[in-house]
Amino acid sequence: MILSAINTMNLKFDPVLSAQDEENFRFFLNNAYGLHLHEHQQDKFKKAVYDTCQKFCISSAAALLEKIQQDPFCDERILLIQQITVDESYFFRDDEQQKFLKTEFLPKLIAQKRQAQDKHLRIWSAGCSTGQEIYSIAILLYQLLPDFSEWTLHLLGSDISHQSLEQAIAGKYNRWSIRTDENFINHSGYFTPSDERYYQLKDFIKNKVKFFYLNLAEDTFPSLMNQTCYLDLILCRNVFIYFTPEVIEKACHQFAQALRPEGVLMLSVTDPVNFSCLELNKEKWGEVFYFKRKNEFLVEETQDDSYYSETSLSSFDNIDSASIVSQPVKDEPQSDDLEEIKKKVIPLLRKSLWSQVIESCNLALVNYSKDADLHQFKAKSLVNLGQFNEAKLACEKSIVCDDLDPHTYLLYGLILLQLELYDEAEKAFRQTVFLNHDFMEAHYQLGQVLLYKGQKKQGVKAIKNALKLAEEGDKNQPVHNVITLTYASFSEIIKNELTVLNDKQ
Ligand SMILES: C[S@@+](CC[C@H](N)C(=O)[O-])C[C@H]1O[C@@H](n2cnc3c(N)ncnc32)[C@H](O)[C@@H]1O
């Protein structure tokens, strides 16, 4: 149970929700989660406030708001969000979109990848609710890939509702969630009847998907830290309908950054689509529309830096990029001085100009082949371009040149995670922690990898270590690889994750 210490005794709740209370709640929900309450959700919202107050013996709506603002992880907040969000989802939702995915998008994507001899697929269901959307994709892929087991499937589901995430992780559904024909449920081989009303999704599909807490109203994506980068497809269906236009626009910019060039964002037919996002082209297939990330776009011209994942790299974190000329180095002769070269490359990294970083590093490596930083910069750029095997090699070269830099081991571990090489990733994160025991991000990733390996107890322990360090550290310090995420907000995310995990134990 998420909700501990629920006490329904001695309730003296004043059920009147004043106009001011309502306004304050609206502001809070919008600010914290991007949520905009529609007229038809009023009753549900009032009931959620009332029920939460009653369950926790809170005397007024104002007192509840104060509590949930002060403590983002309190049971009251978790319950309220659970009740306000709409978790409706089912397998193979929207026939036309499913047809597009099954007969057009996925077969073409698979063919492209086969041609490039790249058996990786990266798909994220953002606002996944109880998991049916991303599990439907896993099933489609199983049907479309005769060599299913040979592919590295990077399938992610994220949400803000703890209860939904718990259900998604459990993979147990009632008939209504699988409202396709009887044959699909009974004879498809994907489910085992678990009791009279429920069906358990089998492990060969269930274990392909990773679920995690992610608030789409925050700047926590794209990021290598939660693997939301270089994606082939993002599904964010029936989520924007609850968001304000400002949050939709911002989320779309971030989605565009999380997609690989020509990667696709799919919304539902009922979601608002009249937002402006220069990095995405709206395209149609019959009645189905989707957004394709443009092949190339100049980041400086389209967005400000805050949308980009950070490149906080070891000793260069403190270099003042404003004092550095940040012109593309493409046509400039390379300076012979290594430090000068690095000073030019770092702003390119900060601006996510990955190809230019690689080009500059390759040129510099001709003369400075033993420089660990150049290999590390190159690895970082390659991973952002989805070239994971090449990134792994570059990282290994960096480690050969300097085997004592914990940042390189962290990056190496993150790359190995993308390749689903969990044992090797675990080693890399352990090495990072060995070199720097207080490396918060390494403890967190070690926890993640242990969870993937099914070692829940040790995984939770490592994540708790990360939480301790995040809480002890400077709360404004940016998390490595995610400049927009501070230690303070990361500790909130970790607490949310721990809540979901502990409930599953
Ligand atoms: C109607 S469900 C959609 C489920 C699934 N995408 C589908 O179409 O079947 C909407 C989901 O969005 C989630 N959600 C709402 N606000 C969110 C936010 N700020 N960040 C992430 N998820 C959010 C809700 O918790 C809910 O699970």
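In which helix is A364 found? A364 belongs to helix α13, which covers residues 354-367. The model is predicted, and the values in this report are computed from it. The surroundings of A364 are taken up again below, after an outline of the chain and of the ligand shell.

## Overall composition

The chain is built from 20 helices and twelve strands. It has 505 residues, of which 45% are buried. Among contacts between residues at least 6 apart in sequence, 67% join residues at least 24 apart.

## The ligand shell

There are 26 residues around the ligand, and those that come nearest are T85, S89, G127, S129 and L216. Sorted by class, this shell holds eleven polar, nine nonpolar and six charged residues. Two domains contribute to the shell: domain 1 (19-84) and domain 2 (95-299) each supply at least three residues.

## Helix α4

Helix α4 spans residues 75-84, and eight of its ten residues are buried, so the helix is largely enclosed by the rest of the structure. The buried set comprises the residues D75, E76 and R77, together with I78, L79, L80, I81 and I84.

## Parallel pairing around β7

Strand β7 covers residues 231-235. It is mostly covered, with five of its five residues buried. β7 pairs with β1 in the parallel sense, over three bridges. Within this pairing, L233 of β7 is the bridge partner of I123. β7 also pairs with strand β8 (residues 259-266), again in the parallel sense, here over four bridges. L235 has M266 in β8 as its bridge partner.

## The antiparallel three-stranded sheet

Strands of a sheet pair through backbone hydrogen bonds, in either a parallel or an antiparallel arrangement. An open sheet of three strands follows the order β3-β5-β4 and has antiparallel pairing. Its edges are formed by β3 (172-174) and β4 (191-193); each has a single partner strand, so one side of each is left without a neighbour in the sheet. On average, neighbouring strands of this sheet are turned by 35 degrees against each other, with direction ignored. β4 and strand β5 (residues 198-201) are joined by three bridges in the antiparallel sense. F191 stands opposite L201 in β5.

## Backbone geometry in the loops

The loop between β6 (209-213) and β7 (231-235) contains P222. The peptide bond that leads from F221 to P222 is cis, with omega near 0 degrees. Y230 is also found in the loop between β6 and β7. Its phi is near 50 degrees, a positive value in a residue other than glycine.

A further positive phi in a residue other than glycine belongs to Q117, with a value near 50 degrees. Q117 is located in the loop between α5 (95-115) and β1 (120-126).

Is Q117 buried or exposed? Q117 counts as exposed because it has 6 C-beta neighbours inside 10 Å, where 12 or fewer is the limit for that class. Y230, by contrast, has 23 other C-beta atoms within 10 Å and is therefore buried, as 20 or more are required for burial.

## Burial of selected residues

The table lists the neighbour counts of four residues discussed in this report.

| Residue | C-beta neighbours inside 10 Å | Class |
|---|---|---|
| Q117 | 6 | exposed |
| Y230 | 23 | buried |
| A364 | 25 | buried |
| A442 | 30 | buried |

## Two alanines in helices

A364 of helix α13 is buried, with 25 other C-beta atoms within 10 Å. Its C-alpha atom is separated by 7.7 Å from that of L374, a residue ten places apart from A364 along the chain.

A442 lies in helix α18, residues 440-452. With 30 C-beta neighbours inside 10 Å, A442 counts as buried. Which residues is A442 in contact with, leaving aside its neighbours within four places in sequence? The contacts of A442 are P406, L410, F429, T432 and V433. Between A442 and A428, which are 14 residues apart along the chain, the C-alpha separation is 9.0 Å.

Notes:
Residues numbered from 1 in each chain as written. Predicted model: local features only at pLDDT ≥ 70, side-chain atom pairs only at ≥ 80, totals over all residues. Near = placed C-beta within 6 Å. Nonpolar A, V, L, I, M, F, W, Y, C, P; charged D, E, K, R; others polar. Domains from an automatic or database assignment. Helix = DSSP H or I, 4+ residues; strand = E, 2+ residues; numbered from the N terminus. Pairing = 2+ DSSP bridges. Axes fitted to C-alpha atoms, helices over the stretch in contact; angles between N-to-C directions. Contact = placed C-beta atoms within 7 Å.
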